[in-house]
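Colleague: Please take a close look at one part of this model and walk me through it. I am new to it, so spell out the cut-offs.

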Amino acid sequence: TRFEVCIGAILTQNTAWTNVDRAIGNLKAASVLNAAALRELPQEELATLIRPSGYFNAKARKLKEFVTWLGERSGDELDALFTTETDRLREELLAMHRIGEETADSILLYAGGQPVFVIDAYTRRIFERLGRRWIRRRRLCLRRRWTGHHQLRIASPQHDIDRPRRDHTCRVRARHRHAPRWRFINGLLVH
């Protein structure tokens, strides 16, 4: 569910997904995988349930703050929450204790279907390999925020197209025989 995606985005910080899956399984087994039940659950008990995800005390605090905010903000309704303007909602998520840019963007994209691009370690490696020249050629802009996080913005709406065009193909391949061919389709970088 979308709520599970939000919880998973918070729990997956600094851990492998298999551990998060076990923690979510514990929450399901205890029948507390909803905002109201998580709000009522004592923080110590929540920490015990999410122990497999690591940093369980800190993550229990994050989850309690998130579900409290969700209840106050939208009455536990994710549909109502995601009708808010994306940038404003992102700022509200970032204002929460220890919710970083990658987590906020993951919640917005995967749970809310908002048009954001999650920049994680893998994405940074791809763009480092492609190089700045490739990025400029595609009219993309990497903006460095004061936190040091890079956020990818597609500068012009004509890049959100359904069909690939020749100029979207990665020209790095000509210089590096083993480089994959990347292109943008609907604003997403695909191979």
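Modeller: Aspartate 76 lies in the loop between helix H5 (56-74) and helix H6 (78-81); helices (H or I, at least four residues) and strands (E, at least two) are DSSP runs, numbered from the N terminus. This is a predicted model, in which local features need pLDDT of at least 70 and side-chain atom pairs pLDDT 80 or more, while totals for chains, interfaces and linings use all residues. Residues are numbered from 1 along each chain as its sequence is written, and side-chain values use heavy atoms, without hydrogens or water.

Phi of aspartate 76 is near 70°, a positive value in a residue other than glycine. Most residues other than glycine have a negative phi. With a relative accessible area of 25%, aspartate 76 is partly exposed (buried is under 20%, exposed over 50%, partly exposed in between, with a 1.4 Å probe and protein chains only).

Asparagine 14 also has a positive phi, near 60°. Asparagine 14 sits in the loop between H1 and H2 and, at 67% relative accessibility, counts as exposed.

The helices joined by that loop, H1 (residues 2-11) and H2 (residues 17-29), have axes that come within 10 Å and cross at roughly 130°. Axes are lines fitted to C-alpha atoms over the stretch in contact, with angles from 0 to 180 degrees between N-to-C directions. H1 is therefore oblique to H2 (under 35 degrees is roughly parallel, over 145 roughly antiparallel, 65 to 115 roughly perpendicular, the rest oblique). Contact, meaning heavy atoms within 4.5 Å, involves Glu4, Ile7, Gly8 and Leu11 of H1 and Trp17, Val20, Ala23, Ile24, Leu27 and Lys28 of H2.
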